[in-house]
Amino acid sequence: NANMVLAAHNDIYGEIFRDIQYLKPGDEVRIQARDGRWYTYVVYDKQIVAPSDVSVLAPGNESIVTLITCHPYKVDTQRMVVFAKLRDDGA
């Protein structure tokens with residue numbers, strides 16, 4: 001069990017997290033590991049926090065992924081954080 005934290009830009013250098021704002025509980029996030037295996041995570045929460053709020057990096061007791069990007073778009077004074085749990089069936 002772990003908290004895998006991924007951070008990316010939403011407004012420069014490829015905009016990897018450009019559409020993160022549209023994620024909502026129940027949506028799926030798929031991540032491919034180095035060995036080629038895919039893991040599916042299900043979004044369960046989204047928050048806006050201060051850049052100094054490191055509580056979102058806590059390890060936790062479940063296999064989760066935490067996605068972080070700047071917020072609001074092109075203002076970047078806060079952080080948008082999306083939390084997703086590993087789907088039990090590993091699909």
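Follow the chain from its start and you read off the pattern β-β-β-β-β. That fits the tally for the protein chain: zero helices and five strands. Keep in mind that this is a predicted model.

How does the overall size come out? The radius of gyration of the protein chain is 13 Å, close to the 12 Å that the globule rule gives for 91 residues, so the chain is as compact as a globular protein of that length. If you prefer a box, the C-alpha atoms fill one of roughly 40 × 25 × 25 Å along the principal axes. The accessible surface of the protein chain adds up to about 5,900 Å², and carbon and sulfur atoms account for 52% of that. Of the 91 residues, 27% are buried. As for how the chain meets itself, take the contacts between residues at least 6 apart in sequence: 57% of them join residues at least 24 apart.

Now for the inside. The largest nonpolar core has 13 residues, and the ones touching the most other members are Ile20, Leu23, Val29, Tyr41, Val65, Leu67 and Val82. Strand 2 (28–32), strand 3, strand 4 and strand 5 each put in at least two residues, with strand 5 giving the largest share, three residues. Leucine 23 is a handy place to zoom in: leaving aside residues up to four places away in sequence, leucine 23 touches Val29, Lys46, Leu67 and Val82. Apart from this core lies another one, of five residues, including Val56, Ile68, Val81 and Phe83.

That last name leads on to the aromatics. How many aromatic pairs does a search of the whole structure find? The search turns up one. The partners are tyrosine 44 and phenylalanine 83, with ring centres 6.0 Å apart and 35 degrees between the planes, which makes the pair tilted. The pair links distant parts of the chain, as tyrosine 44 is in strand 3 (residues 38–49) and phenylalanine 83 is in strand 5 (residues 78–86), 39 residues apart.

Are the two rings' residues buried or exposed? Phenylalanine 83 has a relative accessible area of 8%, and it counts as buried because that value is under the 20% cut-off. Tyrosine 44, at 36%, falls between the 20% and 50% limits and is therefore partly exposed. Tyrosine 44 has another neighbour too: the charged end of lysine 85 sits over its ring, 5.0 Å from the centre.

Finally, have a look at the loop between strand 3 and strand 4 (64–71), where you'll find alanine 50. With a relative accessibility of 37%, alanine 50 is partly exposed. Its C-alpha lies 7.5 Å from that of threonine 77, although 27 residues separate the two in sequence. Valine 54 has its place in the loop between strand 3 and strand 4 as well. Here the relative accessible area is 55%, and valine 54 is exposed because that is over 50%. To tie this loop back to the core, compare valine 54 with leucine 23: they are 31 residues apart along the chain, and their C-alpha atoms are separated by 21 Å.

Note on methods
Residues are numbered from 1 along each chain as its sequence is written. This is a predicted model: local features need pLDDT of at least 70, side-chain atom pairs count only at pLDDT 80 or more; totals for chains, interfaces and linings use all residues. Side-chain values use heavy atoms; hydrogens and water are left out. Rings of Phe, Tyr and Trp (its six-membered ring) pair if their centres lie within 6.5 Å; planes under 30 degrees apart count as stacked, over 60 as edge-to-face and the rest as tilted. Helices (H or I, at least four residues) and strands (E, at least two) are DSSP runs, numbered from the N terminus. Buried means under 20% relative accessible area, exposed over 50%, partly exposed in between (1.4 Å probe, protein chains only). A charge sits over a ring if NZ of Lys or CZ of Arg is within 6 Å of the ring centre and within 35 degrees of the ring normal. The radius of gyration is taken over C-alpha atoms; the globule rule is 2.2 Å times the number of residues to the power 0.38. Contact means heavy atoms within 4.5 Å. Accessible areas come from the Shrake-Rupley method with a 1.4 Å probe; for residues, only the protein chains shown count as cover. A nonpolar core is a set of buried Ala, Val, Leu, Ile, Met, Phe, Trp, Tyr and Cys residues joined through side-chain atoms within 4.5 Å.
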